[in-house]
Amino acid sequence: MTEDRLMTIREMCDAYEVTPRTLRFYEQKELLSPIREGQKRLYTKRERARLVLILRGKRFGFSLEDIRQLLDLYAVGDQQRSQLEKAYEIAETRMAEMIRQREELDAAIGELKDQMEWGAKMIASMENKAAAE
């Protein structure tokens with residue numbers, strides 16, 4: 001595939017492992033703007049790059065509004081400095097949230113392990129008691 005070739009919605013789905021519904025959703029949210037030929041949607045190199053950024057942002061837990069702001073900054077014309085600075089700011093915030101979530105999850109896992117160990121001891125104790133009778 002040449003880089004400048006237009007891609008159909010099916011080709012986009014296959015290439016980026018997304019569903020047509022996902023692409024239409026991003027179009028509805030004005031994150032993607034494929035060329036429309038009747039009912040047919042054709043995706044340019046620009047739209048493919050935008051989809052990669054959208055999917056990466058979603059994987060990192062960025063909100064659609066955060067992603068929109070980053071995509072909008074691409075057109076500012078300052079060699080992506082504004083976009084990179086905003087992306088870094090959003091990433092810092094998201095990293096802090098993820099670390100907090102991991103700490104909460106680690107604590108919950110520890111508590112659950114403790115409860116399971118207690119439960120295992122109780123079960124073993126009950127089995128020993130039943131065997132002794």
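Take the contacts (heavy atoms within 4.5 Å) with a separation of 6 or more: in this protein, 47% of them join residues 24 or more positions apart. Keep in mind that this is a predicted model, where local features need pLDDT of at least 70, side-chain atom pairs count only at pLDDT 80 or more, and totals for chains, interfaces and linings use all residues. Residues are numbered from 1 along each chain as its sequence is written, and side-chain values use heavy atoms, with hydrogens and water left out.

Now walk along the chain. You'll meet five helices and three strands, which are DSSP runs numbered from the N terminus (helices are H or I with at least four residues, strands are E with at least two). Their order reads β-α-α-β-β-α-α-α. The protein is more spread out than a compact globule, because its radius of gyration is 24 Å, well over the 14 Å that the globule rule gives for 133 residues. That radius is taken over C-alpha atoms, and the rule is 2.2 Å times the number of residues to the power 0.38. Along the principal axes, the C-alpha atoms fill a box of roughly 80 × 35 × 25 Å.

How much is tucked away? Of the 133 residues, 21% count as buried, meaning under 20% relative accessible area (exposed is over 50%, partly exposed in between, with a 1.4 Å probe and protein chains only).

For a closer look, find arginine 48 in helix α3, which spans residues 45-59. Arginine 48 counts as buried because its relative accessibility is 5%. A polar atom of its side chain sits 3.2 Å from the backbone oxygen of tyrosine 43.

Notes: Polar contact = N/O pair within 3.5 Å; in protein donor to acceptor, adjacent residues only side chain to side chain.
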